[in-house]
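Dear colleague,

I am handing over the structure below, and after it you will find my notes on what turned up. Please read them alongside the coordinates.

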Amino acid sequence: MAKTDSYAISEKRELILDRVKEFIYKNGGVVKKSRLAELGIDYRRILDFVERGDLVRIKSGYYTVRLGDFSEEELLAKLFPDGVLNLESALYAYGYIERRPYGFTISIDKNTSKSRFKLDFPQVTPLYAEPETLEFGVADITFGKATMRIFEKERLICECLKYQDKMNREQFKEGMFAYIKDTQKDVAKLMQFAKERKVVKKVQTMIGVWL
């Protein structure tokens, strides 16, 4: 192959790569495979960019330019915008526990594809839930440099009581006592969520005496 032909091919490749990178940045820095299809570029080129290190495949079907551009929290928010922070992850976000838990726990629609959680970074543990239970007692919180959905404090306490066996024992106790000391807690709302989540007896026996 003549040098001029080789140069032309290399230049074309760089132009296409620039288009892809620009598209990814304009769309928040993380893009699904289905969105890249909008560029009309042969998917084999995307795979080539990944193999050569020009792009990063975060997990199957999700691409970014450079993994180091994002914190774990930002990646979590981009990959799971439909998830809700729960258990230790949410306790930490509220400042109820001091030690940052390893990975993240999120509640998510039980009908979501299990393959979404086949990724090495960030480490995510799903709590599969009925869709309707993800629609009440949910708020937004600034989490690191990201905005993430999270259960309101009172709903979170009910979740921790419901899934106590899935939690670190010490962090569970630390979170419960931190809530009890919270001067902005809403006991009426707590009991309302306790009825919804069927943990009224646990609320009454485990923390009721302190409220």
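Contact here means heavy atoms within 4.5 Å, and please keep in mind that this is a predicted model.

With that in hand, Glu 74, which lies in helix H4 (residues 72-79), is in contact with Asp 69, Lys 145 and Ala 146 once its neighbours within four places in sequence are left aside. Glu 74 is buried and yet has no salt bridge, since a salt bridge needs a side-chain nitrogen of Lys or Arg within 4 Å of a carboxyl oxygen of Asp or Glu, whereas the nearest side chain of opposite charge, that of Lys 145, is 5.6 Å away.

Turning to the strands, S5 (residues 104-109) is mostly covered, with five of its six residues buried. Strand S4 (residues 84-85) runs antiparallel to S5 and is joined to it by two bridges, Val 84 having Ser 107 as its bridge partner in S5. Strand S6 (residues 124-129) instead runs parallel to S5, with six bridges between them, and here Ile 108 stands opposite Tyr 128.

As for the nonpolar interior, the largest core has 48 residues, of which Leu 76, Phe 80, Leu 85, Ile 106 and Cys 160 touch the most other members. Helix H6 (residues 153-162) supplies the largest share of this core, namely five residues. A second, separate core of 14 residues includes Val 20, Phe 23, Ile 24 and Val 65. Leu 85, not counting residues up to four places away in sequence, touches a list of residues that includes Leu 76, Phe 104, Ile 106, Phe 143 and Phe 151.

With best regards

Key: Residues are numbered from 1 along each chain as its sequence is written. This is a predicted model: local features need pLDDT of at least 70, side-chain atom pairs count only at pLDDT 80 or more; totals for chains, interfaces and linings use all residues. Side-chain values use heavy atoms; hydrogens and water are left out. Helices (H or I, at least four residues) and strands (E, at least two) are DSSP runs, numbered from the N terminus. Buried means under 20% relative accessible area, exposed over 50%, partly exposed in between (1.4 Å probe, protein chains only). Lys and Arg count as positive and Asp and Glu as negative; His and the chain ends are not counted. Two strands pair if DSSP finds at least two bridges between them. A nonpolar core is a set of buried Ala, Val, Leu, Ile, Met, Phe, Trp, Tyr and Cys residues joined through side-chain atoms within 4.5 Å.
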